[in-house]
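Please open the model in your viewer and keep the sequence panel beside it, so that each selection can be followed in both places.

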Amino acid sequence: MTTTGLDEFALLDEMWRTVTPDAARRMLIAAVHAFAGKGYHATTTRDIASLAGMSPAAVYIHYRSKEELLFNISLVGHQTSLTLLSGIEGSDATDRLRNAVAGFAGWHAEFHTTARVVQYELGALSAEHHAEVAELRRQIEQRMRSYIADGVAEGVFDVPDLKGATLAVLSLCIDVARWYRPDGKRTPDEIGALYADLVLRMVRPAG
């Protein structure tokens, strides 16, 4: 169940509750909104500090660089997505894929601001940080692929190209972050349900 009634700042504060001290957490949340609003390259540390209600010098007390802020956002975002997909339950392959897609698409709507940064600013990471995030992305892909593969093994899905189908499903869910607006017609839960239904129609045998 998503919490659409809460401000995303409050949701992000919960997501990064383990980040201490409080000033470091505030700086991270401010960076999410700054990067999502202006883009990583156009955002300055002064912009981030201003959103956090702190001085520009305060950024460097907690983070060595703007890139390190981006890395922390990317790391936590991908870890959260992986944890979500790793905890999917269901009575059969169809239920598990339905729940996986609903959860993944719903997350990209509920945390659309974070997701835009996580998914579309990867190119700004250093080579070392990019490699670490890329491994998490590989695990996310592997987890989603396993839900589709289970249905193929049970004979309920007809998917000739497992890798291609997995990438299509992930791309469909991730793109939600690009267009979702909280004042739109559908809630994150409703988007999740819609996308789950679309994906199941894609993978079921024709006829």
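The tour below moves through this predicted model one selection at a time.

Begin by selecting residues 21–81, the stretch that an unreviewed UniProt entry annotates as "domain: HTH tetR-type". Across this stretch the chain is 79% helix and 0% strand, and the C-alpha atoms at its two ends lie 24 Å apart.

Next, turn to the largest nonpolar core, which has 56 residues, and pick out Leu97, Val101 and Met144, the residues with the most contacts inside this core. Then colour helix α2, residues 22–38, which gives the most to this core by contributing eight residues.

Now centre the view on Val101 and ask which residues it is in contact with, once its neighbours within four places in sequence are left aside. The residues to look for are Gly106, Met144, Val169, Cys173, Tyr195, Ala196 and Val199.

There is also a second, separate core of six residues, and to find it you can select Trp107, Phe111, Ala115 and Ala177, which are among its members.

Stay with Ala115, which lies in helix α7, residues 112–120. Is Ala115 buried or exposed? Ala115 counts as buried because its relative accessibility is 0%, and buried here means under 20%. If its neighbours within four places in sequence are again set aside, Ala115 is in contact with Trp107, His108, Tyr120 and Ala177.

As a last step, draw a distance between the C-alpha atoms of Ala115 and His78, which are 37 residues apart in sequence and 9.1 Å apart in space.

Definitions and conventions. Residues numbered from 1 in each chain as written. Predicted model: local features only at pLDDT ≥ 70, side-chain atom pairs only at ≥ 80, totals over all residues. Heavy atoms only, no water. Core = buried A, V, L, I, M, F, W, Y, C linked by side-chain atoms within 4.5 Å. Buried < 20%, exposed > 50% of the residue type's maximum accessible area, 1.4 Å probe, protein only. Helix = DSSP H or I, 4+ residues; strand = E, 2+ residues; numbered from the N terminus. Contact = heavy atoms within 4.5 Å. UniProt positions renumbered as here; feature names shortened; annotations may be inferred.
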